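Okay, thanks everyone for coming. I'd like to walk you through one structure today, so have a look at the screen.

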Amino acid sequence: MLCTCSGQQFQLEENEMPQSPESLATRDFSVSGLSSKTGDWDSKFDDSQVDDVESTLKETLSLNYEEARALLGRLEYQRGNCDAALQVFQGIDIRGLRPRMIKAIAERTQHRKNRPKGENLQVNLMSMHSVSLLLEAIFLKSKSLEQLGRHKDAALECKNILDIIESAWPDGMPEGVRGESKLKEMFHKALELLPKLWKQAGFLEEAISAYRRALVRHWSLDLKRWASLQKDLATVLLYGGAEVPLPQQFQQVWGHMTPTSNIEEAILLLLILMRKVAFQEINWDAEIMDHLIYALSLSGQFELLAGHVEQVLPGIYSRGERWYLLALCYSAAGLDDVALNILKKGLGHSERKHKPHLPSLLLGAKLCYKNPYHACEGTNFAMKAIEFTNNQEKHLRGVASHLLGVYYGYCAQSSISDSQRLRLQSESLKSLHHAATIEKDDPEVIYSLGRENAIQRNLNTAVESAIKYLDMVGGSSVSGWKLLALVVSAEQNFKDAEAIVDLAIDETGKVDHLDFLRLKALLQVAQEQPRNAIDTYRILLAMIQAQKELKSWSTSSEGKAVKDLEMEAWVDLSFIYTKLESWNDSYVCLEKAKSVEIFSPKCWHATGMLLEAQSLHVDALVAFSVALSIEPDYVPSMVSIAAVLRMFGGKSLSLARSFLMNALRLEPTNHNAWLNLGYISKAEGSLHQAADCFQAAYELRQSSPVQNFTQTLSNCHI
């Protein structure tokens, strides 16, 4: 057995006889006396001191020049003298020794079965102990350079180890290398160190190449080291900020699954790691899941991510956290109903003994926020969230109160009784005011407060909220400008509303000009300027046609919005020509609208209005009925059917009343419905009731915007 100066031991390989008289392994020796001396040596060496020590070691230990420097360098490195260690290591001629080291590694690690019995190794072949000692010297030289801040030089030195080993083992590490081999351990450390050095030096492409180089061949790495390299490579590929193509020689490793981008390569590596976690080959690592969530989010593979969340073993996440992550995945994939059903599990009877998961409650409330039909469920989520927030969670209480106020407003719109509607509207404003006191700097709360006041016809308060909201967002919100313009139009100040729209067109992007142009045309119609409105619609339709030819919208939803706007513009033009009694032009506009979307209740309602204007009442009823068959809750057609039936008189009045009552249930602020209900009440002899209806119609008409608040103003994202 051979002891080195550090006290570590090297083992001779089986059946190997020492051949070189200059080899470190030629004799057994003890360096205890020498080790005791080295503790008194000064940490700094000059050339003369190094030569003296080398001479002493050669005489005492029969070491060659390079081995002596390797031992001295190790001693200095262990003592923390990186400068002195580097000075010693620089005297080793690795370039000259490299061929001998490669030959020694290749010859001495052949399978025993391939070597004839009794055959001796070549004379003067370097021993594996000498090779290991020299490789360690290169490694420690690299570490010394790293600690001195010379990362590029350190990487180049570390790369020498990989070049030597790969030249000796081009097909990977042979099976005959024993697990306790010093050489094997040194090589594995170099595999881990090299990419880190390249990263520290700022050479991202070289770092990625080093990781790929370490993973492409079989180097007998243990699972922990292998997984660590895979995770580090995936991290660099995801966050490095540079696209480094996969070289041809590495593509054959992936086969038919060869990634086409760095993100795809990172995802494949992370999926492999998650599979190892699932089979308990490696321990759970939360960073792997975090990186996978980020990578799959970038690529839009949210359903795939949900599948891997489901595969996580029990005990890693609590039940609430697991449902929350799954709901986030399915919601991001556009499957809001699936996400909502998952979150409902947290409100089930079996979970009452557990503390509710607050983020899940808020997420459930936000998912309901996207669809007014889920307002009641959203109210339950929001109330639960408020119930379980504490004094340290005021922000979350403010968010929940905001959502609750919005849901009360939704519920009020679909309420059957007037008393219930008034109560819900009051609760809506109360919750929104409470949210505003907590979230004073949240512009979306102010927007929701202004929107709800506008719907309830509190116009002065709505204007104040709209102006405050626009100030908070710097005038960059399309919804804010729409809210302000509509509220001003509800005050019957159409000229100022048009000026606001012109200002909004200047302040917002070109994509939003289309909506504002239509709003401007409607304001011109309200000011009895049909010719100006027609010119505005022509500009609008020309811009839409240009966008259709260029296909400038980025998403399918934007394309659908442009398509709907085109249809509405033709319908609006039809209404204008109908009022001007230009029947042919009106018919042409309706045909254009139907060519865009034939199954639209607006198109058929406009057709009915045109027929009614020509006194074709029966045909008009048919058109209105088609509109209701497409959308049973389409209020304008309900009111128009009631108006036609009222003209027939007799038994038709009761049927007309039922249509109007249903319309007012859906839209209590519709002044046309109240006006026709007054006519019916008068015809039936109920003069007091008729007077009340006419009064309501007049007041609502005086506060009606050019577009419906509820249908036009969408809530901003919370």
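I'll go from the overall picture to the cores, then to the salt bridges, and finish with a few spots on the outside.

First, keep in mind that this is a predicted model. The chain has 718 residues, and 50% of them count as buried. In terms of secondary structure, we're looking at 35 helices and two strands. The accessible surface comes to about 35,400 Å², with 51% of that belonging to carbon and sulfur atoms. And if you take contacts between residues at least 6 apart in sequence, 62% of them join residues at least 24 apart.

Okay, the inside. In soluble globular proteins, nonpolar side chains tend to be buried together. Here the largest nonpolar core has 118 residues, and the members touching the most others are Leu-135, Ile-161, Ile-165 and Tyr-407. Take Leu-135: leaving out residues up to four places away in sequence, Leu-135 touches Met-101, Ile-161, Ile-164, Ile-165, Leu-183 and Met-186. Apart from that core lies another one, of 58 residues, including Val-445, Tyr-469, Leu-519 and Ile-576.

A helix to look at here is H4, residues 82-89, which is mostly covered, with six of its eight residues buried. Those are Cys-82, Ala-84, Ala-85, Leu-86, Val-88 and Phe-89. So what covers the buried residues of H4? Helix H3 (65-78) and helix H6 (128-147) are among the elements doing that.

Now the charges. Side chains of opposite charge can pair when their charged atoms come close. The structure holds 26 salt bridges, and I've picked three.

Number one: Lys-159 with Asp-163, where the closest N and O atoms are 3.1 Å apart. Both sit in helix H7 (residues 151-168), four residues apart, about one turn of the helix. That spacing makes sense, because an α-helix has 3.6 residues a turn, so residues three or four places apart point the same way. Lys-159 counts as partly exposed because its relative accessibility is 31%, while Asp-163, at 15%, counts as buried.

Number two: Glu-166 and Arg-217, at 3.4 Å, N to O. This pair links distant parts of the chain, 51 residues apart: Glu-166 is in H7, and Arg-217 is in the loop between helix H9 (204-216) and helix H10 (223-239). Put these together and you get a network of salt bridges linking Lys-159, Asp-163, Glu-166, Arg-213 and Arg-217.

Number three: Arg-518 and Asp-572, with the closest N and O atoms 2.7 Å apart. Again the pair links distant parts of the chain, from helix H25 (residues 513-526) to helix H27, 54 residues apart. Both Arg-518 and Asp-572 are buried.

Okay, the outside. Tyr-239, Ile-263, Tyr-294 and Leu-298 form a nonpolar patch on the surface, with about 350 Å² of accessible area together. Leu-298 belongs to helix H13 (residues 286-299), and at 46% relative accessibility Leu-298 counts as partly exposed.

Then a backbone detail. Gln-280 isn't a glycine, yet its phi is positive, near 60°. Gln-280 is in the loop between helix H12 (262-278) and H13, and it is exposed, with a relative accessible area of 62%.

Last thing: UniProt, in an unreviewed entry, places a TPR repeat at residues 671-704. In the model that stretch is 85% helix and 0% strand, and its end C-alpha atoms are 8 Å apart.

That's my tour, thanks.

Definitions and conventions: Residues numbered from 1 in each chain as written. Predicted model: local features only at pLDDT ≥ 70, side-chain atom pairs only at ≥ 80, totals over all residues. Heavy atoms only, no water. UniProt positions renumbered as here; feature names shortened; annotations may be inferred. Core = buried A, V, L, I, M, F, W, Y, C linked by side-chain atoms within 4.5 Å. Buried < 20%, exposed > 50% of the residue type's maximum accessible area, 1.4 Å probe, protein only. Contact = heavy atoms within 4.5 Å. Patch = residues over 30% accessible without salt bridge, like charges linked within 9 Å, V, L, I, M, F, W, Y side chains within 5 Å. Areas by Shrake-Rupley, 256 points an atom, 1.4 Å probe, with all protein chains shown as cover. Salt bridge = Lys/Arg side-chain N within 4 Å of Asp/Glu carboxyl O.
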